[in-house]
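Work through the two exercises below with the structure in view, and follow each solution step by step.

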Amino acid sequence: MTEPITEPMTFRARIKAPVKDVRHALTDPAALRIWLAEHAEVELPDRFGFWGRTTPEGDAPHQRLLHADERTVRFAWLLDGEETTTELRLEEDGDATILTLSQTHFDFQDVITGKSIRGVLQTYWGLAIANLAEHLEGRQLTPKIDFTSADLRAQVTIDAPPEKVFESLIDSETVTRWFGFPIEIEPYVGGRFAMGGLANDPSPAKVLELEPGSRFSLDWGAPGVGTWELEGSGGQTRLTLVQSGFDAERPPYAAWGGILSGVAELRRYHEVPDWQPVITS
């Protein structure tokens, strides 16, 4: 067995709902089956489990409840032979709730190498919390990762015209705002798409296609080619995302989860009045 990761991955999210509503969504099996997983069983204070296609190693519930009260849910989660610990803690913020998530045994090297399924945890939880916010605000959820499939494809509708959505995909400053991480883009075929900025990304993606208002694709290297197709109708945009060209034996689920969690915030950026990102840090 490997040595446990001592510093947990953490982030904070602001959800526009009272603490009691967020806590209900975290512990009610019917709610969990909407925003988190295909299957869920909860019997507090003894049982908290979820599983299915949209859960890493979701062949069965691999969670063990450690603690639950009105503000905290903490459980052990067996992943790739290691028992990790996940904690979700709630605090009031006016008429909203600050959710702090802590997850042990996350190592960014597992994202790069694909050595362990635990490499998906950061983007998995980012997407899950975005969908929790959407559920509590009565909005349509973003498609989840299917960990049983190598067909990485999703479609969403955005309440904004294609030209505005497209501009928000290729303008560095705008992408940085909704994605929540510095992005620098050279918006032309052959240009670079750099995570953290061109000075900080030694292996930026390459722009393969750029058709204003309709198509944008990037070559990410080993994770494959990401394609964004836009089709307008009635002032809205149907956005189709496809990730292809990767090793089908090792689908880039961590990268795909990052794309989907980004799309969740992209939708909110265009649709939510007085938009603020769900993930605050």
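Two strands pair if DSSP finds at least two bridges between them, where strands (E, at least two residues) and helices (H or I, at least four residues) are DSSP runs numbered from the N terminus. This is a predicted model, in which local features need pLDDT of at least 70 and side-chain atom pairs count only at pLDDT 80 or more, while totals for chains, interfaces and linings use all residues. Residues are numbered from 1 along each chain as its sequence is written, and side-chain values use heavy atoms, with hydrogens and water left out.

**Exercise 1.** Determine how strands S5 and S6 pair, and place them in their sheet.

Step 1. Strand S5 (residues 72-79) and strand S6 (residues 82-93) are joined by eight bridges in the antiparallel sense; within this pairing, tryptophan 77 has threonine 84 in S6 as its bridge partner.

Step 2. The open sheet has five strands, ordered S1-S7-S6-S5-S4, with antiparallel pairing, and its edge strands, S1 (9-15) and S4 (63-68), each pair on one side only.

**Exercise 2.** Describe how helices H1 and H4 pack, and explain why they are called oblique.

Step 1. The axes, lines fitted to C-alpha atoms over the stretch in contact, lie 11 Å apart at an angle of about 120°, on a scale running from 0 to 180 degrees between N-to-C directions.

Step 2. Angles under 35 degrees count as roughly parallel, over 145 as roughly antiparallel, 65 to 115 as roughly perpendicular and the rest as oblique, and H1 and H4 are therefore oblique to each other.

Step 3. In contact (heavy atoms within 4.5 Å), Asp21, Val22, Ala25 and Leu26 of H1 meet Leu132, His135 and Leu136 of H4.
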